[in-house]
Amino acid sequence: MASTISAQNFTATISTQITLNGQPKVTENQLVITDVNEYDSRIMTIPIDSEVTVVQFASAVAAGTFISGDMKYLQITNKDTVNYCRIRVKKNNADAFDMRLDAGKSFLMGNVKETVSETAASFTTFEDADSVNMQAYTAAVDIEYVVVSI
């Protein structure tokens with residue numbers, strides 16, 4: 001395929017700042033992902049009445065679906081100022097882990113590898129997640145996601 005898109009570097013920066021006892025405390029961590037040629041960003045409303053799929057991962061591209069091995073960065077930010085929502089990362093539409101995403105907070109993934117254990121069994125291997133789903137509580141929330149792939 002002859003494309004007019006040339007791969008670029010993607011940079012994500014996390015910085016923190018506080019002054020305690022008159023002393024500034026600052027951290028900055030930067031991640032550079034090279035050869036990025038796919039970038040997707042969307043703001044969407046997450047309802048309270050049902051779980052919705054935000055993104056999917058598979059071996060082929062489709063609507064809202066990213067190639068598992070090519071996904072290098074996922075960031076989801078809860079844009080609400082009050083309400084939280086649940087993030088559910090699913091594998092095989094069965095196993096999942098859930099996280100609460102409070103108002104104004106972000107959730108990050110650097111790949112689609114996960115493991116789930118109900119019994120705290122010994123670790124054996126990571127498997128690819130299939131999707132990231134969300135559901136709001138109390139009231140609908142707006143989220144923003146960014147997906148970066150090579």
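1. Start with the open sheet: five strands in this predicted model, running in the order β5-β4-β12-β7-β8 with mixed pairing. The edges are β5 (65-67) and β8 (95-101), each of which pairs on one side only. From one strand to the next, the twist averages 20 degrees.

2. At the β5 edge, β4 and β5 pair in the parallel sense, over three bridges. If you want a residue to click on, Ala58 has Ile67 in β5 as its bridge partner.

3. Now the packing. The largest nonpolar core has 24 residues, and the members touching the most others are Val55, Val132, Met134 and Ile143. At least two residues each come from β3 (38-46), β4 (52-58), β6, β7, β9 (106-109), β12 and β13. The top contributor is β13, with four residues.

4. Val132 deserves its own look. Leaving aside residues up to four places away in sequence, Val132 touches a list that includes Val52, Val54, Val55 and Phe57, as well as Leu74, Ile76, Ile87, Val89 and Met109. Thr53 and Arg88 are also among its contacts.

5. There is another core, lying apart from the one around Val132. This one has seven residues, Ala12, Ile33, Val36 and Val148 among them.

6. On to the rings: the count is three aromatic pairs. One of them is Phe10 with Tyr73, a tilted pair at 5.1 Å centre to centre and 50 degrees between the planes. Phe10 sits in strand β1 (residues 8-20) and Tyr73 in strand β6 (residues 71-78), so this pair ties together parts that are 63 residues apart in sequence. Both Phe10 and Tyr73 are buried. Tyr39 joins Phe10 and Tyr73 in one aromatic cluster.

7. Tyr84 and Tyr137 make a stacked pair, with 5.5 Å between centres and 20 degrees between planes. What does this pair connect? Tyr84 is in the loop between β6 and β7 (85-91), while Tyr137 is in the loop between β12 (131-136) and β13 (141-149), so parts 53 residues apart in sequence are tied together.

8. Are these two tyrosines, Tyr84 and Tyr137, buried or partly exposed? Tyr84 counts as partly exposed because its relative accessible area is 26%, and buried would need under 20%. Tyr137 is partly exposed too, at 32%.

9. One last thing about Tyr84: the charged end of Arg100 sits over its ring, 3.7 Å from the centre. So if you're inspecting that stacked pair of Tyr84 and Tyr137, keep Arg100 in view as well.

Key
Residues numbered from 1 in each chain as written. Predicted model: local features only at pLDDT ≥ 70, side-chain atom pairs only at ≥ 80, totals over all residues. Heavy atoms only, no water. Phe/Tyr/Trp six-rings, centres within 6.5 Å; stacked < 30°, edge-to-face > 60°. Buried < 20%, exposed > 50% of the residue type's maximum accessible area, 1.4 Å probe, protein only. Lys NZ or Arg CZ within 6 Å of the ring centre and 35° of its normal. Core = buried A, V, L, I, M, F, W, Y, C linked by side-chain atoms within 4.5 Å. Contact = heavy atoms within 4.5 Å. Pairing = 2+ DSSP bridges. Axes fitted to C-alpha atoms, helices over the stretch in contact; angles between N-to-C directions.
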